[in-house]
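Subject: Structure for you to look at

Hi,

Here is the structure I promised to pass on. Please open it next to this message, and then read on for what turned up in it.

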Amino acid sequence: MRLLKQLWRWFDEVTGFSKSLGPVLTHPVPRARRSRWFYVFGSATLTAFLIQVVTGIALSSAYVTGSGQAYDSLHFINSFPIGRVVRGIHYFGASAMIILIGLHTIRVYLMGAYKYPRQVNWLTGAGLLLFTLLMAFTGQLLRWDQIGFWTAVVAAEQAGRAPLIGNWLGHFILAGNTAGGATLSRFFAAHVFFIPALIFVFLAVHLYLVVYNGISEPPEAGRPVDPRTYRGWYHELLQREGIPFWPHAAWRDLLFGTIVVVCVFLLALLVGPPELGNPPDPSIVSASPRPDWYFMWYFALLSLIPKWSERWVIIMGPMLFGLFLILVPILGGRGERSPLRRPWSIVLVASVIAVVAHYWAMGIRAPWSPRLDAPPLPAAVVGVTSGPIADGARVFYDKGCEYCHTVSGYGGIRGPDLSDAGDRMSPAQMATRIFSGAENMPSYRGELSEGELNSLLAFLASRHIVQPPKPPVLRTER
Ligand code: HEC
């Protein structure tokens, strides 16, 4: 014991540890009376990130980056109980980090904590949010099974459809024209070196600023931020009723962080890592790319909006979001902080949550299971109201083709979009597919009469892409 104490005194003397870090730990923070627990999400995000660093290093020491071996090396890791648990922790740690950084962002936004003098706190935080999402995206491909592979390919294809920079972007993401070994190396380098390095730099600045500017006091309606007087006022507030961060505020961070760690561990033990699917096979196009849950809503959004708007949403959506994050502290750097005096902030957060939740629910349901509630095709889509084509459209609905196939925006998306079937396939090819079925399509041999088949083929052959495709017209003639 004495020896330890001596050792510590020597260490402290030569490093100045308690002299430099002591004041940081014990610096006064505002006494938040009602909102204390809202302040724990930031430190919990950091905790989740540290979990990811530790388990990530462990995983990378057994992972082989190569299109031939990546999948096998994960199987190898998976074959040990400890390997499974580490993979599980890394997976649920990622989920935790996404949830926590989301909560932290919402908390800071609603409380107006990005206002003077904490604008750069917010901007570095916005960078960290972006990097976290990029980590989640790149990590998924490293699994290098069918699903991870196709998710990245679909994402790159979608990025490739963006106007102007699409080609370049798709090429950049895949490191070539097609997904392959080079793609895997690129994602690995981004996931393991490039993005983490950026995260560390931004995190350092972010934490430094948290200490330098102090933790924001809980907002109060009718107490606007004025950059000329704020610092003096804040200083006085701390003098008057500040409490030392350690231990009076920090215990909540510690407790919450511990809960996060325990939850991640338990989930990893009880649920386990995501199952490895089949190895990727670029020739199997029917694999259903199913992104990890946090991106599900975005995939669903992209697959459900009208095709013509897709290329704009792909590029404009993230850009508008980025622009919003940058402009928030620049345009709103002063004034009222209380959400009660900024009702639009509540509306905005509520609508974003509603949209994400809506598309998330769709994503879980729509693309991977037939859409059983698809309405019959309206006459405006069919084009005619009688004759073989109109009969075929009815068969298309009655026989459930529409559960899985979209025509002009109507129907499910389990199978390929058939809006342009007439451009792509001959009637004989279609008949073959209808009779033989496919991995995810039932065979209709014996299910269709000769007349039904002929009108169905007439209908499908009449499907051409008319550009620009009109948005679905819902009101039709009576
Ligand atoms: C349970 C979902 C499901 C149903 C129901 C279904 N299909 Fe399919 N269909 C698919 C899938 C999945 C594919 C892609 C199969 C593949 O190529 O691997 C497909 C492929 C096709 C193709 C080839 C499209 C292409 O681009 O290669 C045609 C044509 C087609 N289906 C027509 C029909 C018709 C007509 C019906 C109704 C009689 C029907 N399908 C019912 C899921 C379905």
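Which residue follows α19, and what is the sign of its phi? That residue is G437, and its phi is positive, near 70 degrees. Please keep in mind while you browse that this is a predicted model.

Let me stay with α19 for a moment, as it comes up again below. Within this helix, M430, A431 and I434 are buried. Looking down the axis of α19, you will find its buried residues within an arc of 100 degrees, so they line one face of the helix. The cover over these buried residues includes α18 and α20.

Now to the ligand, which you will probably want to inspect yourself. There are 20 residues around the ligand, and those that come nearest are C401, C404, H405, R424 and M441. By class, this shell has 12 nonpolar, five polar and three charged residues. Three helices each supply at least two residues of the shell: α17 (401-404), α19 (427-436) and α20 (450-461).

Some side chains place polar atoms beside the ligand, and these are good ones to click on:

- H405 has a polar side-chain atom 2.7 Å from a nitrogen atom of the ligand.
- R424 has a polar side-chain atom 2.5 Å from an oxygen atom of the ligand.
- R433 also reaches an oxygen atom of the ligand, with a polar side-chain atom at 2.8 Å.

Another residue to look at is S419. You will find S419 in the loop between α17 and α18 (421-424). Is S419 buried or exposed? S419 counts as buried, because its relative accessibility is 11% and the cut-off for buried is under 20%. Its side chain makes a polar contact with the side chain of D417, at 2.5 Å. A polar atom of the S419 side chain also lies 2.8 Å from the backbone nitrogen of S408. Setting aside neighbours within four places in sequence, S419 is in contact with T406, V407, S408, R463, H464 and I465.

Finally, a word on the overall layout. The protein chain is divided into domain 1 (31-365) and domain 2 (379-461). The C-alpha centres of the two domains lie 42 Å apart.

Happy browsing, and do write back with any questions.

Best wishes

Methods: Residues are numbered from 1 along each chain as its sequence is written. This is a predicted model: local features need pLDDT of at least 70, side-chain atom pairs count only at pLDDT 80 or more; totals for chains, interfaces and linings use all residues. Side-chain values use heavy atoms; hydrogens and water are left out. A residue is near a molecule or strand if one of its heavy atoms lies within 4 Å of it. A polar contact is a pair of N or O atoms within 3.5 Å; within protein, one must be able to donate a hydrogen and the other to accept it, and residues adjacent in sequence count only if both atoms are side-chain atoms. Helices (H or I, at least four residues) and strands (E, at least two) are DSSP runs, numbered from the N terminus. Ala, Val, Leu, Ile, Met, Phe, Trp, Tyr, Cys and Pro count as nonpolar, Asp, Glu, Lys and Arg as charged, and the others, Gly among them, as polar. Buried means under 20% relative accessible area, exposed over 50%, partly exposed in between (1.4 Å probe, protein chains only). Contact means heavy atoms within 4.5 Å. The arc is that of the directions from the helix axis to the C-beta atoms. Domain bounds come from an automatic or database domain assignment.
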